[in-house]
Amino acid sequence: SAAPLPFAQGTDTRCSGSTIGVDNDITAMVAGLPFALLPVPSVCSAHRLQSLSYCIQPGSFRPRLRSSAALDPFRANAAAHISQAQFVVGLLTMSTLSSASNMPFRDSALALMEDVYAPWKGAGSTGSKWIPKPLPQGEAGVVMLHGAPQSRYLWVDAWGLLSFVSLARDCGADSEDRRDILAAARSLIATVHAVLGAPCTRTVPMSERRGSTLGGADSTLSGYKGLRIGKVQCKLDTDFGMSCDGMYWHYVDKWVYALARYAREAEDVSILRDAVQVLLDVHPSFFEGSGMHWKLNVDLRPIRGHEYDVAPSSDAATAWVVFDVLRQTAEAMGDRESARAIEPLLAEVASVGTAYFDAIGGQVTRDPLGYGLTAWKLQWVGERGQAQREGVRRSLQAALRVDSQTMALPFRLYGALLGGRAVESDARYGKRACTEARELLARVMPDMVAVEGRSKCDGRTEHSGINKVMLASVLAPVAFLRLPTETLL
């Protein structure tokens, strides 16, 4: 039997004579619309979904969001959606979604995450040995861990960790689900540090850390500095492109940010200190006075021919933001030692970060993923980022456009959708832009869930792991967003 089609939370839907055997009154749970836009109790005329002979009477919405526009994706694609048994049974089943949930797409995000990492029920139980399943062959380099093959990719797992945090925050404070999610997240952290924090082979060494870590005996870090990308091809001297393993700053900073979000959610000071330690280990090599190296060898050496190829850049601006988020997290958790350790690094990148925003003005990249990451970091930037915020606002519709070009690499489009999440939650963009972002997301997200529901994370679809975890972050974006208590730069 088919799951009920999702509409706005609390919408009263009365079905008369349905061909799928539903003839009683039901209340459809939220799945397609932002939770902030709740329907008013009036009833508008029925819409008939011909593919299902399914008669509904959706509640009308506030004037700023047209109900007809919000329902278009469902009407246009209902037949295709229902034809996907995996999609119906898994990604958009509403049977376990709590009416108190602040995540309309929570079940969809859960299904995507379990597809990538394996179901984690019971991971929080005493004696559990749950570990994330390896990424598909070809999506990450393989190493042996505890006698079994394991593969991790830092970008994938940074977004995966953020999604774990968002899902945990939506659970009850002492619930078994929350304990399982946080336990799975911590196992992912330990696995990433064991795999990517150590050499891929003996012939491609990493730089060893001398002395103890900030986290001491509770640290999950290995005895080496930094975290590898996780690429399949690994050699002593990496390339200046994207073919070979090495260390990307824009992967390290996302992972450190995700660690900070996990540490705060789980009240885990040892993971917070691991995040600080990663920066203490790699910052002197990545930072070069006027900017950040975007990529280094796995032993933290500059790439030959690019030793001084640095300048104020988006990487430096992101470092400024992430360092300050980490500092604020440490202070909020009462860990003054970590806060003091990060302050000199923050002071070093501050001038480069401000120089970047002064120079960039209102320019915004046309790349969807770059657009989303720009909107992400602007959440923590005050007046200095106002010109670029205006550029983000102007580019909103173009960035969230779905067509054959943007769907060629879905994860890049999902990055733009994350940017839309940042815009819809930030009043500095203005009421019209926030509403526009909500409408665009409401149109696009159900179809993207359907797209990912047609494949599994098994390597048959290129970039399956990256695609699914990034869409999960769009569906469960809480950890991606600035906390109300966090101050601006």
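This briefing covers helix 3, a strand hairpin, a helix pair and the cysteines of one chain. The model is predicted. Its disulfide count comes to 1. Helix 3 is mostly covered, strands 5 and 6 form a hairpin, and helices 4 and 5 pack at an angle of about 165 degrees.

**Helix 3**

- Helix 3 spans residues 106–117, a run of 12 residues.
- From first C-alpha to last, helix 3 reaches 16 Å, close to the 16 Å expected at 1.5 Å a residue.
- Of the 12 residues in helix 3, 10 are buried.
- The buried set includes the charged residues Arg 106, Asp 107 and Asp 115.
- Ser 108, Ala 109, Leu 110 and Leu 112 are also buried.
- Met 113, Val 116 and Tyr 117 complete the buried list for helix 3.
- Ala 118 sits just after helix 3 and takes a positive phi of about 90 degrees.

**Hairpin of strands 5 and 6**

- Strand 5 covers residues 142–145, and strand 6 covers residues 148–151.
- The two strands pair in the antiparallel sense, over 4 bridges.
- Within this pairing, Val 143 of strand 5 stands opposite Gln 150 in strand 6.
- The hairpin leaves 2 residues between strand 5 and strand 6.
- His 146 lies in that turn and has a positive phi of about 55 degrees.
- In a regular strand, side chains alternate between the two faces of the sheet.

**Helices 4 and 5**

- Two packed helices are described by the angle between their axes and the distance between the axes.
- Helix 4 (residues 154–169) packs with helix 5 at about 165 degrees, and their axes are 9 Å apart.
- Angles over 145 degrees count as roughly antiparallel, so helix 4 and helix 5 are roughly antiparallel to each other.
- Helix 4 passes helix 5 in a left-handed crossing.

**Cysteines**

- Cys 200 and Cys 234 form a disulfide, with sulfur atoms 2.1 Å apart.
- The link of Cys 200 and Cys 234 is left-handed, with -65 degrees about the S-S bond.
- This pair links distant parts of the chain, 34 residues apart.
- Both Cys 200 and Cys 234 lie in the loop between helix 5 (176–196) and strand 7 (247–248).
- Is Cys 234 buried or partly exposed? Cys 234 counts as partly exposed because its relative accessibility is 23%.
- Cys 434 counts as buried, at 7% relative accessibility.
- Cys 457 is buried too, with a relative accessible area of 6%.

Key: Residues are numbered from 1 along each chain as its sequence is written. This is a predicted model: local features need pLDDT of at least 70, side-chain atom pairs count only at pLDDT 80 or more; totals for chains, interfaces and linings use all residues. Side-chain values use heavy atoms; hydrogens and water are left out. The expected span of a helix is 1.5 Å times one less than its number of residues. Buried means under 20% relative accessible area, exposed over 50%, partly exposed in between (1.4 Å probe, protein chains only). A disulfide is a pair of cysteine sulfur atoms within 2.5 Å. Two strands pair if DSSP finds at least two bridges between them. Axes are lines fitted to C-alpha atoms, for helices over the stretch in contact, and angles run from 0 to 180 degrees between N-to-C directions. Angles under 35 degrees count as roughly parallel, over 145 as roughly antiparallel, 65 to 115 as roughly perpendicular and the rest as oblique. A crossing is left-handed if the near helix is turned anticlockwise from the far one by less than a right angle, and right-handed if clockwise.
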